[in-house]
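Work through the exercises below with the model open beside you. Try each task before reading its solution.

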There are 2 protein chains.
Amino acid sequence: MQQTIIDTLKRNQLSITDSRKKILELFAKANGALAHFDIEHQSGAEFDRVTIYRTLQTFVEKGIIHTIPSADNSIRYALCKEDCAGGHHHDDHVHFMCDSCGTTYCLDHVNVPQLDLPKGFRAVQTDVVVSGVCSKCAGA
Amino acid sequence: MQQTIIDTLKRNQLSITDSRKKILELFAKANGALAHFDIEHQSGAEFDRVTIYRTLQTFVEKGIIHTIPSADNSIRYALCKEDCAGGHHHDDHVHFMCDSCGTTYCLDHVNVPQLDLPKGFRAVQTDVVVSGVCSKCAGA
DNA sequence: AACTATTTTGCAACATTGTTGCATTGTATT
DNA sequence: AATACAATGCAACAATGTTGCAAAATAGTT
């Protein structure tokens with residue numbers, strides 16, 4: 001995994017630093033999306049808050065991660081698929097936020113249908129955020 | 001319009017206060033959604049920040065306004081349709097955020113298609129946020 | 001392996017956004 | 001008009017995000 005992480009950084013012309021490796025590792029391990037808060041805690045005060053902010057910004061710009069809209073004022077981030085690069089995201093996929101456990105899933109296999117927008121509106125990106133109960137919580 | 005606003009407050013068993021009237025008026029005049037920031041500025045330092053926060057909270061609880069997910073850490077609010085009440089929102093409609101002018105539209109007439117979620121996932125609410133260029137900016 | 005240019009980090013300070021407790025004020029009801 | 005209740009404003013605080021700059025780490029070159 002370490003190698004994959006280093007490859008990802010190199011592919012995006014980013015220098016290999018401890019914080020970037022660690023944060024990418026957290027994303028790889030996470031089964032869902034992460035907020036700044038999660039990263040700050042899961043990395044165990046290893047890095048400065050500012051470093052985390054800047055690292056996340058850099059990753060978004062490079063198209064390594066993408067932001068997920070939410071209605072609760074905490075931006076969540078998740079790994080992008082391969083075809084995002086240089087800030088041009090193609091993540092028209094569905095996100096699911098579980099009201100019970102709080103996990104945010106990227107449902108890559110659910111495709112976002114074409115929408116009939118009113119005359120004159122041109123869509124660049126479509127985000128779908130579904131909230132409800134996830135399979136893990138429903139089974140329990 | 002004043003009468004409509006007062007009716008709305010009465011219908012929701014809220015006492016008629018200056019701040020509630022003013023904030024509802026701002027929503028009625030706005031052609032899109034408003035963030036706390038917008039309200040604070042458009043009301044011209046007339047009310048305390050805390051009052052605005054609490055008023056927005058109250059309105060959301062009563063189903064007068066609803067929140068719109070966004071990826072930029074500023075919750076936006078918009079007026080609900082008639083059938084939202086008591087915190088039970090039925091706003092499965094499409095929101096459009098213009099990258100050019102920043103306006104957030106509620107596209108009430110664009111219906112949200114049914115999604116095929118993976119086994120075990122139960123959807124309670126679906127939010128669709130489209131970003132791009134609105135008709136006003138495209139025409140200019 | 002050492003040197004150097006460049007990038008990244010950590011710190012400090014600050015700005016913005018959101019929350020809570022409590023005394024004061026305003027609203028609704030009798 | 002008097003009372004009970006709810007809402008507001010203030011202060012203080014907590015959380016989140018940003019900026020400038022010196023110190024440290026990285027990458028490329030010799």
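**Exercise 1. Find the polar contacts to DNA strand D and describe the surface around this strand.**

Step 1. Start at a phosphate. An N or O atom in the side chain of Thr17(B) is 3.0 Å from a phosphate oxygen of DNA strand D. That is a polar contact, meaning a pair of N or O atoms within 3.5 Å. In the side chain of Arg20(B), an N or O atom is 2.7 Å from a phosphate oxygen of DNA strand D.

Step 2. Note the conventions. This is a predicted model, where local features need pLDDT of at least 70 and side-chain atom pairs count only at pLDDT 80 or more, while totals for chains, interfaces and linings use all residues. Residues are numbered from 1 along each chain as its sequence is written, chains are lettered from A and ligands numbered from 1 in the order in which they are written, and side-chain values use heavy atoms, with hydrogens and water left out.

Step 3. Go to a base. A polar side-chain atom of Arg49(A) lies 3.1 Å from a base oxygen of DNA strand D.

Step 4. List the neighbours. A residue is near a strand if one of its heavy atoms lies within 4 Å of it. DNA strand D has 19 residues around it, with Ser19(B), Arg20(B), Thr51(B), Arg54(B) and Asn73(B) coming nearest. Sugar or phosphate holds 66% of the atoms of DNA strand D within 4 Å of the protein; bases hold the rest.

Step 5. Assign the helices (DSSP runs of H or I, at least four residues, numbered from the N terminus). H4(A) gives the largest share of the surface near DNA strand D, 5 residues. H2 (18-29) and H4 of chain B also supply at least two residues each.

**Exercise 2. Repeat the analysis for DNA strand C.**

Step 1. Count. DNA strand C is surrounded by 19 residues, and the closest are Ser19(A), Arg20(A), Thr51(A), Arg54(A) and Asn73(A). Of its atoms within 4 Å of the protein, 63% are sugar and phosphate.

Step 2. Take the contacts. A polar side-chain atom of Asn73(A) is 2.3 Å from a phosphate oxygen of DNA strand C. Asp48(A) uses a backbone N or O atom, 3.3 Å from a phosphate oxygen. The side chain of Arg54(A) places an N or O atom 2.5 Å from a base oxygen.

Step 3. Assign the helices. H2 (18-29) and H4 (49-62) of chain A, with H3 (36-42) and H4 (49-62) of chain B, each supply at least two residues. H4(B) gives the most, 5 residues.

**Exercise 3. Which strands stand at the edges of the 6-stranded sheet, and what does that leave open?**

Step 1. Write the order. The open sheet runs S5(A)-S4(A)-S6(A)-S6(B)-S4(B)-S5(B), with mixed pairing. Strands are DSSP runs of E, at least two residues, and two pair if DSSP finds at least two bridges between them.

Step 2. Read the ends. S5 (104-111) of chain A and S5 (104-111) of chain B are the edge strands; each has a single partner strand, so one side of each lacks a neighbour in the sheet.

Step 3. Check one pair. S4 (93-98) and S6 (122-133) of chain A pair in the parallel sense over 5 bridges. Cys98(A) stands opposite Gly132(A) in S6(A).

**Exercise 4. How many residues does each chain bring to the contact between chain A and chain B?**

Step 1. Apply the cut-off: heavy atoms within 4.5 Å. Chain A brings 37 residues and chain B 38.

How values were computed
Polar contact = N/O pair within 3.5 Å; in protein donor to acceptor, adjacent residues only side chain to side chain.
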